[in-house]
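Colleague: Hi! Could you walk me through this structure, one piece at a time?
Modeller: Happy to, just ask away.

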Amino acid sequence: MIRSTLRSVRHALGALAVVSLLSACGGGDGDAPPDRVEQSIGPAGGTLAHGSGASVTVAAGALAAGTTLAIETSLAGSGPALPSGSTPVGAMFDITPHGQTFTLPVTLTLPFDPALVPAGARVSLLKTSAGAAGPWVEVAGAVVSGNRISATVTSFSRTLTLVLPLPEIVRAPQSVTVTEGQSASFDVQAFGFNPPFTYQWRRSDDGGMNFTDLSGETAPTLSVANARPAGAAQSGDNGAQFEVLVGSVRSAAATLTVTPLVPTTAALSVSVVGSGSVASVPVGIACGADCSEAYPLNTVVALTATPAAGFVFSAWSGDADCSDGNLTMSAARNCIATFTASTAGTWQQLGGALDIAPADRSVFPSVALDSAGNPVVAWLEEGPASNIATGIHVKRWDGSGWVQLGDDLTNHRHPLVRFFDAPSIDVDPTTGQPVVAWSESSDGNPVGTAYNVYVKRWDGSAWVQLGGALNVDAAAGARQAKIKVTASGTPVVTWWETPNWTAAKFWNGSAWVRFGAQDFVSTVPTGSQDAAGTVLTLDAAGNPFVVFGVAGGPFAAQGSSTGWAPLGNGSPRTTPATAFAWGAANDAAGRLTVLFMTRDGSSTAADATTVRVRRIENGAWADFGALVLTADRNTRVAQLAFAMPYGTSLPIASVGIGTFGSSSGTYAQNFGRWDGTAWQVLAPSLPELCSIAVRAHAGTPAGAAPVIACLRVVAGNLDVVVYRLAP
């Protein structure tokens, strides 16, 4: 949970020795502390040394004019409160002037007593950058040599060496059940002042009596490939237990349960391309055919098959090289087309169109499920003419009809034109009530910097605004807000702050608060071309993940009490392609999974668009199944949607496609569900563009069916309609 992630560390000394740099300005106003040294340093740079071994080295050009810098030992107790459970292991210093900044980084070196550092501990440099009571933040790149630690900083403050507590495991590995042949994943989440932590996964095959280290498994996530039940040809995995050491802290063990695969027999009529025999066999068709050509995995090109009723093609397999997403075989090898029972459902429309005024145009629907499993939808309603917006509205399905929740949520009124971005909606699982985020123009300018992000929460009878505008810079525009609510009821919002940055904050009950000391998710500029693609998701512990566009592909980062950290070497990009839009979710193992679209940028008739899914595996991005879609440059990918039902690792992906140059404005939205092995058809495609909502919290009924909110064109008018998936 965000609240648990941001809480103070607990009392328990031992694993980490830390040198910390605090942005405090207290001390120094009374009697001068002892052991003060000072020196005037100018544009040429220089070094200020203290008799204790502390020093500051200023690079040439870091200061524009001569400035008197000082190092002095600080009086005990004069600084901000130490972290709970910490113990000083060196003197406290004031580096002044407090708040002095430099145009180039300067090198700070501090002494500490190695005898006070526990064996195996890692020495780090921490700071607080939000005032005396601000959060502690680790300074990256600190280097230890003997009894000194050095790091580069850009401002001065009070310094102190500390021993901090052990890391705390906030989410232990969870037991997993998979079917034979599937992969099983386990993960751990730890919190503490000194990440990244060390990890070592261990396995027991005797009911937890003895555990042995798994070689090379030193990441927060463990994957067990091709799981087998007991008695299979290879060593069985059923009943195996897994634990992980985070530093020296041992997690609880999780159990892997593997259920045997029961083949399904289907009578199939198959026509084979090339020479060879044809045979009808359970599940697959084995053919001694010449399959030397490459065939796409999720199409029936090599074999034209008519399966028995209720069975659909699912995958190619055999003696093949599938590493590039295609099936390639040499002559006289086996080609196996696998057919499985179809699980496709049907779409049932809930009521009529949601428009407040039937003649209005309703656009940009966002949908979530409430605590009863019923959809709640927010959308932007325009007048009969485009860009004459009437406001943002919300309706909830009560089981028999649509109920409007209050009136227009927006704050600004203009006599002629009103401009808003698409709303984003989620449901607070602690109350079952919706929370909506959106951005709107305060001056009626559709392209200016007067856009502000706001959030309102439904209290059962009225919309209540949470704080004021969320903008980091009041003079900048804030656009494309996305919102999620943690299991403990904490709203988290991310948005694009014009012109080049992605920001995020969470609501602490009385104000919007940034993550650590970071106003923005990354120092990498977003760029306006990918602004609409920013997405937000949460893991089971409430930790936020933000994905947004940069040149070359999406950029992903995880938020915590110390700020934002890039994931998977920063990006699931496919250089040199450019990413346009995507979705993201976390599975039951806490792995970030991303759906995104790329275009290869060749600007030719063969210019290809691909839609793929990737997720974090052992700290790096890995393809999730085969490509979702490959299309030529004449095909428009107009809408991508992605969702992961709570407690599962089986995502739902939706791709809306059309054709460039088409004057009809018609599209097809296709829906697929991952069954653990391949993408299967979820339900029939619709001639509409849709967003998806699934069970997102433990409090939502386990049997709640996925719903979609779609944009439908009727006689030139735009309506929002909602469907629920039925078996």
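Colleague: Let's start with one residue. Is Asp421 buried or exposed?
Modeller: Asp421 is buried, because its relative accessible area is 5%, and the cut-off for buried is under 20%. Keep in mind that this is a predicted model.

Colleague: Where is Asp421 in the chain?
Modeller: Asp421 is in a loop, the one between β35 (402–404) and β36 (424–428).

Colleague: Which side chains does the side chain of Asp421 make a polar contact with?
Modeller: One partner is the side chain of Ser439, at 2.7 Å. The side chain of Arg479 is joined to Asp421 by a polar contact too, of 2.6 Å.

Colleague: And which residues is Asp421 in contact with, leaving aside neighbours within four places in sequence?
Modeller: With those neighbours left aside, Asp421 is in contact with Ile392, Ser439, Tyr451, Arg479 and Gln480.

Colleague: Okay, let's zoom out. How many helices and strands are there in the protein chain?
Modeller: The protein chain has 1 helix and 59 strands.

Colleague: How much of the chain is buried?
Modeller: The chain has 727 residues, and 50% of them count as buried. As for its surface, the protein chain exposes about 29500 Å², with 54% of that supplied by carbon and sulfur atoms.

Colleague: What share of the contacts comes from residues 24 or more positions apart?
Modeller: Counting contacts with a separation of 6 or more, residues 24 or more positions apart account for 58%.

Colleague: Now a sheet, please. What is the strand order in the one with β41?
Modeller: That open sheet has 4 strands in the order β40-β41-β42-β43, and the pairing is antiparallel. At its edges stand β40 (478–485) and β43 (512–513); each has a single partner strand, so one side of each is left without a neighbour in the sheet.

Colleague: What do strands pair through, anyway?
Modeller: In general, strands of a sheet pair through backbone hydrogen bonds, in a parallel or an antiparallel way.

Colleague: How many bridges join β40 to β41?
Modeller: There are 6 bridges joining β40 to β41. To pick out one pair, Lys482 has Thr494 in β41 as its bridge partner.

Colleague: Who sits in strand β41 that I should look at?
Modeller: Try Glu497, which is in β41 (residues 491–497). Glu497 is buried, with a relative accessible area of 1%.

Colleague: What does Glu497 touch, not counting residues up to four places away in sequence?
Modeller: On that count, Glu497 touches Asn471, Val472, Asp473, Ala476, Gly477, Ala478 and Phe520. There is also a polar contact of 2.8 Å between the side chains of Glu497 and Trp495.

Colleague: How far apart are Glu497 and Thr449?
Modeller: They are 48 residues apart in sequence, and from C-alpha to C-alpha they are 9.3 Å apart in space.

Colleague: New topic: how many disulfides are there?
Modeller: The count comes to 1 disulfide. Cys690 and Cys710 form it, with their sulfur atoms 2.1 Å apart. The pair links distant parts of the chain, with Cys690 in strand β57 and Cys710 in strand β58 (residues 707–714), 20 residues apart.

Colleague: Is that disulfide right-handed or left-handed?
Modeller: The torsion about the S-S bond of Cys690 and Cys710 is about 105 degrees, so the disulfide is right-handed.

Colleague: And the two cysteines, are they buried or exposed?
Modeller: Cys690 is buried, with a relative accessible area of 1%. Cys710 is buried as well, with a value of 0%.

Colleague: Which sheet do β57 and β58 belong to?
Modeller: They are in an open, antiparallel sheet of 4 strands, in the order β31-β59-β58-β57. The edge strands are β31 (346–349) and β57 (689–693), each pairing on one side only. From one strand to the next, the twist averages 35 degrees.

Colleague: How does β59 pair with β31 and with β58?
Modeller: β31 and β59 (residues 717–726) pair in the antiparallel sense over 4 bridges. Trp347 has Leu725 in β59 as its bridge partner, and Gln348 has Arg724. β58 and β59 also run antiparallel, joined by 8 bridges. Cys710 from the disulfide appears here too, with Val721 in β59 as its bridge partner.

Colleague: Last one: how many residues of β59 are buried?
Modeller: The number is 9 of the 10, so β59 is largely enclosed by the rest of the structure.

Key
Residues numbered from 1 in each chain as written. Predicted model: local features only at pLDDT ≥ 70, side-chain atom pairs only at ≥ 80, totals over all residues. Heavy atoms only, no water. Helix = DSSP H or I, 4+ residues; strand = E, 2+ residues; numbered from the N terminus. Buried < 20%, exposed > 50% of the residue type's maximum accessible area, 1.4 Å probe, protein only. Contact = heavy atoms within 4.5 Å. Polar contact = N/O pair within 3.5 Å; in protein donor to acceptor, adjacent residues only side chain to side chain. Pairing = 2+ DSSP bridges. Axes fitted to C-alpha atoms, helices over the stretch in contact; angles between N-to-C directions. Areas by Shrake-Rupley, 256 points an atom, 1.4 Å probe, with all protein chains shown as cover. Disulfide = S-S within 2.5 Å.
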